[in-house]
Amino acid sequence: MDRPTLSERLRYRFDSWMSRGTIALMALLGLATLVFVIVLGIITWIVLAIVRDEASPDSDIGPIDFIWRSLMRTLDPGTMGADEGWAFRILMLVVTIGGLIIVASLIGIVSGAFDSKIEELRKGRSRVLEHDHTLILGWNAKIFSIIHEIAIANESRGRAHIVVLADHDKVEMEDAIKAEAGSLGRTVVICRTGDPKSLHDLAIANPGSARSIILLAPEGAGDPDADVIKTALALTNGPHRPAGGFHIVGELADPTNLEVAKLVGRDDAHWVIGPELIGRITVQSCRQSGLSVVYQELLDFDGDEIYITEQPALVGATYLEAQLAFDDCTAIGLVLDGVVVINPPAASVIGAGDRVIVIAEDDSTIRLGQRRTPSSTGIVDRVSTEPAPERTLVLGINPGLVTMLRELDEYVADGSTVDIVAERKALVLPEFEHLQVRWKREDTTKRAVLDALDPGSYDHIIVLADTTVHDAQRADSRTLVTLLQLRDIADTTGVDLNIVSEMLDDGNRELAEVTEADDFIVSDKLVSLVLAQIAENRELTAVFDTLFSSEGSEIYLSPAEDYVELGVDVDMTVLIEAAQRRGETAIGFRIGEHAHAASQQYGVRVNPAKSTTVAFTSGDRVIVLAEG
């Protein structure tokens with residue numbers, strides 16, 4: 001290697017010094033200014049000493065004074081008006097020009113440093129100092145619904161905080177939340193920019209002091225589950241883990257990743273598999289008109305939701321007595337010795353330490369009332385008929401279709417069929433025990449295609465947002481066109497079609513309501529609601545696992561005439577008694593007359609007061625928890 005030249009050495013030293021930042025740059029500028037002032041001051045003193053005579057007013061001024069004058073002109077260019085003598089004027093002009101350059105450089109350095117600091121603050125890299133906050137790690141379209149729901153849940157807490165850490169611009173995240181999340185009341189949202197998978201960046205969000213942590217799959221990621229699992233790994237194995245562990249709820253897209261996610265999250269994490277959840281709700285809703293409205297009521301925080309409460313006064317009482325003990329709440333299960341049991345036998349006895357699972361408007365409204373005695377007035381005993389084979393039409397496909405069909409196979413009788421019509425066959429389906437599946441490649445938005453399918457001959461119709469071919473908005477648009485065509489077919493033929501439709505954007509649901517489909521499943525929103533509910537109460541994981549599974553007790557909307565006489569006024573205690581005779585738990589009812597009226601909650605009443613009376617007519621339903 002050649003020996004470096006003096007020029008190269010100086011350049012290297014200069015670059016090394018400049019890399020130290022703004023302070024080093026200002027120090028270098030200050031040194032240059034000092035050298036400039038001293039040199040020009042001495043030169044001025046020498047020149048004037050040569051050209052002036054003894055009578056000159058400046059004859060007794062020394063070099064220090066000239067250096068001071070040079071410094072003043074450097075810091076305040078433009079003070080040459082009173083200068084005399086061309087030699088002095090020329091030298092001061094040089095000083096002034098140098099001062100302009102120095103001051104301009106100083107202003108540029110200070111301005112650049114200020115802009116850099118503002119940009120650094122804008123990125124949101126300061127450490128969060130809040131405690132007992134909800135922490136959201138990651139960013140996708142579900143975040144707005146999650147923030148909105150948690151803000152509603154926080155209303156009883158007063159001032160609360162939600163912290164968002166994602167690999168996005170801080171200001172852009174804040175603007176998007178303001179535009180999309182709606183009113184947040186007294187809840188404050190704090191955004192920070194960083195990689196949730198990085199231990200260093202995680203420290204910014206103060207996860208060790210968070211009340212709960214929600215893991216979201218990053219938008220546009222090639223393998224979103226891998227990113228979520230890495231974030232969980234960084235949390236559970238990092239230095240920020242509190243002594244009591246974390247309360248983590250995470251979203252997964254592929255059920256095959258659940259096992260490794262459980263290994264990583266250990267007891268700290270609860271996992272929600274989005275496509276599987278939506279598939280189960282879609283299947284249950286297609287067989288139970290109005291069920292999606294019931295789920296919406298139970299999952300969002302605006303209305304009634306599920307709570308787990310300990311009531312010492314009920315120790316020794318039976319489950320049936322617990323159902324009748326609340327005036328404005330509805331008991332739906334028990335936590336017996338730490339095990340969640342939905343719709344237990346009526347004679348189950350509540351022991352010390354056991355708790356009651358209830359539907360209530362808020363945890364502050366959970367209180368016991370006067371114990372009631374159920375009435376038998378108007379109750380009928382009707383034997384259920386054996387299930388018959390069912391025909392289901394699926395229009396469109398999505399990644400959760402396999403899970404959906406597997407879930408449907410658990411419910412239907414032998415000989416049931418499913419016809420899938422989509423633009424292309426993009427999935428390989430397994431063999432099913434009860435279902436026979438047939439494929440047909442057609443464009444489901446074409447009226448001729450739908451007419452040829454004879455939709456009136458099917459028991460259930462499921463319209464899916466086809467994300468295998470189109471983006472979310474395009475898929476919703478095609479779903480809307482298909483629904484409009486089906487609505488027109490129903491009006492033309494006079495056949496009542498049982499339709500459940502998946503929408504991806506909740507805003508498009510409002511447009512689709514004109515089609516009067518029986519149920520709308522808004523995928524992202526429902527997953528968001530479940531994540532928010534579990535974030536607020538980790539024990540709800542077991543409750544939702546039961547409700548959304550074909551095993552155990554689920555929600556059914558059964559004909560009212562199977563429980564009580566039509567046209568007879570009955571209250572909720574009668575429905576509770578009628579349902580218990582069948583091994584079920586009554587939680588509300590649906591009035592068929594209002595089934596398509598959004599202003600009437602589509603006829604659904606969940607958790608009515610025990611004193612509520614109603615005279616059912618044909619087409620009305622009783623909402624119960626029962627084993628399928």
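Here is a walk through a predicted model, taking in one helix, some salt bridges, two surface patches and two unusual backbone spots.

Let's start with helix α10, which covers residues 274-287. How far apart should the ends of this helix be? At 1.5 Å a residue, its 14 residues should span 20 Å, and the end C-alpha atoms are indeed 20 Å apart, so the two values agree. Now look at what surrounds α10: the helix is mostly covered, with 11 of its 14 residues buried. Among them are G274, E276, L277 and I278 towards the beginning of the list, and Q284, S285 and C286 towards its end.

Stay with α10 a little longer, as it holds a salt bridge of its own. R280 pairs with E276, and their closest N and O atoms are 3.5 Å apart. Both residues sit in α10, 4 residues apart, which is about one turn of the helix. E276 belongs to the buried set, while R280 has 21% relative accessibility and so counts as partly exposed, since the buried class stops at under 20%.

How many salt bridges are there in the whole model? The count comes to 19. One of them joins R211 to D132, with 3.7 Å between the closest N and O atoms. This pair ties together distant parts of the chain, 79 residues apart: R211 is in the loop between α7 (199-204) and β4 (212-215), whereas D132 is in the loop between α4 (86-122) and β1 (134-137). D132 counts as partly exposed because its relative accessibility is 46%.

Another pair to look up is R582 with E584, whose side chains meet in a salt bridge at 3.8 Å, N to O. Is each partner buried or exposed, or something in between? R582 is partly exposed, as its relative accessible area is 26%, but E584 has 10% and is therefore buried. Going back to D132 and R211, these two belong to one network together with E536, joined by salt bridges that share partners.

Next, the surface. E410, D414, E433 and E551 form a negative patch there. You can find E410 in helix α13, residues 401-411. With a relative accessible area of 52%, E410 is exposed, because that value is over the 50% mark.

A patch of another kind is nonpolar, and it is made up of L31, L34, V35, I38, V39, I42, I43, W45 and I46. Together these residues have about 720 Å² of accessible area. To place the patch, take I38, which lies in helix α2, residues 22-51. I38 has a relative accessible area of 34%, so this residue is partly exposed.

Finally, turn to the backbone. Which phi does N206 have? Its phi is positive, about 55°, although N206 is not a glycine. N206 is found in the loop between α7 and β4, the loop that also holds R211. N206 is buried, since its relative accessible area is 8%.

N607 tells a similar story: a positive phi of about 60° in a residue that is not a glycine. Look for N607 in the loop between β20 (604-606) and β21 (613-615). With a relative accessible area of 8%, N607 is buried.

Technical notes: Residues are numbered from 1 along each chain as its sequence is written. This is a predicted model: local features need pLDDT of at least 70, side-chain atom pairs count only at pLDDT 80 or more; totals for chains, interfaces and linings use all residues. Side-chain values use heavy atoms; hydrogens and water are left out. Helices (H or I, at least four residues) and strands (E, at least two) are DSSP runs, numbered from the N terminus. The expected span of a helix is 1.5 Å times one less than its number of residues. Buried means under 20% relative accessible area, exposed over 50%, partly exposed in between (1.4 Å probe, protein chains only). Patches are made of residues with over 30% relative accessible area and no salt bridge: like charges are joined within 9 Å, nonpolar side chains (Val, Leu, Ile, Met, Phe, Trp, Tyr) within 5 Å. Accessible areas come from the Shrake-Rupley method with a 1.4 Å probe; for residues, only the protein chains shown count as cover. A salt bridge is a side-chain nitrogen of Lys or Arg within 4 Å of a carboxyl oxygen of Asp or Glu. Lys and Arg count as positive and Asp and Glu as negative; His and the chain ends are not counted. The place of a charge is taken as NZ of Lys, CZ of Arg, CG of Asp or CD of Glu.
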